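Here's a quick walk through the fold, starting with a helix and working outwards. Have a look at the structure first, then read on.

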Amino acid sequence: MDGVERLLERDRVHQLLIDAHPTLADRIEIDDANPLLKIPTGFGGAVVMWKGEVDGTIRWRLAAPDGEGVKVLEPDSIEEFPCLVGEALGLRN
């Protein structure tokens, strides 16, 4: 059941992103088997959102290009993803 819940959450994150940023609808890549979404930046990188375990904690995370590196964020709620993705991609609402 946990796998199904993760995929339903992935679909919820996807819908939140499209609702907030309709122009991303054709850019969001959905992993059919995993709770993972990816949005190519157009500069060779991508913003990636996934739910997984790190150090014994299972939660949603976001990785985005940050200069020469990558920043990883752990929002408190999936409802934060549209704002975080908008900031990472330089989008305006």
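## A helix with two faces

The buried residues of α1 are R6, R10, V13, H14, L16 and L17. Look down the axis of α1 and those buried residues fall within an arc of 160°, so they line one face of the helix. An α-helix has 3.6 residues a turn, so residues three or four places apart point the same way. Over on the face of α1 turned away from the buried side, you'll find the exposed residues L8 and D19.

Bear in mind that this is a predicted model. The length of α1 checks out: at 1.5 Å a residue, its 19 residues should span 27 Å, and the end C-alpha atoms are indeed 27 Å apart.

What do the buried residues of α1 pack against? Their partners are β1, β2, β3, β4 and α2.

## The sheet

Now for the strands. There are 5 of them in an open sheet, paired antiparallel in the order β1-β2-β3-β4-β5. The edges are β1 and β5 (69-73), each of which pairs on one side only. Helix α1 packs on this sheet, where it touches β1, β2, β3 and β4, and its direction makes about 30° with that of β2.

Strand β4 (residues 57-66) has β3 as an antiparallel neighbour, with 7 bridges between the two. One of the residues involved is V54, whose bridge partner in β4 is T57. Strand β4 also runs antiparallel to β5, and here 5 bridges make the join. A64 has K71 as its bridge partner in β5. Together β4 and β5 form a hairpin with 2 residues between them, and G67 in the turn has a positive phi of about 65°.

The other helix to look at is α2 (residues 81-89), which lies across β2, β3, β4 and β5 and runs at about 20° to β4.

## An aromatic pair

How many aromatic pairs does the structure hold? The count is 1. The ring centres of W60 and F81 are 6.0 Å apart with the planes at 75°, so this pair is edge-to-face. Since W60 sits in strand β4 and F81 in helix α2, the pair ties together parts that are 21 residues apart in sequence. Both rings belong to buried residues: W60 has a relative accessible area of 6%, and F81 comes in at 0%.

## Two threonines in loops

Finally, compare a couple of loop residues. T41 is found in the loop between β2 (36-40) and β3 (46-54), while T23 is in the loop between α1 (2-20) and β1 (29-30). Which of the two labels, buried or exposed, goes with T41? T41 counts as buried because its relative accessibility is 16%, and the cut-off for buried is under 20%. T23, with 64%, counts as exposed, since that label applies over 50%.

Leaving out residues up to four places away in sequence, T41 touches R27, A46, V47, P65 and L89. As for T23, its C-alpha atom is 21 Å from that of W50, a residue 27 places away along the chain.

Here are the accessibility values side by side:

| Residue | Relative accessibility | Label |
|---|---|---|
| T41 | 16% | buried |
| T23 | 64% | exposed |
| W60 | 6% | buried |
| F81 | 0% | buried |

Definitions and conventions: Residues numbered from 1 in each chain as written. Predicted model: local features only at pLDDT ≥ 70, side-chain atom pairs only at ≥ 80, totals over all residues. Heavy atoms only, no water. Helix = DSSP H or I, 4+ residues; strand = E, 2+ residues; numbered from the N terminus. Buried < 20%, exposed > 50% of the residue type's maximum accessible area, 1.4 Å probe, protein only. Contact = heavy atoms within 4.5 Å. Pairing = 2+ DSSP bridges. Axes fitted to C-alpha atoms, helices over the stretch in contact; angles between N-to-C directions. Expected span 1.5 Å × (residues − 1). Arc of directions from axis to C-beta. Phe/Tyr/Trp six-rings, centres within 6.5 Å; stacked < 30°, edge-to-face > 60°.
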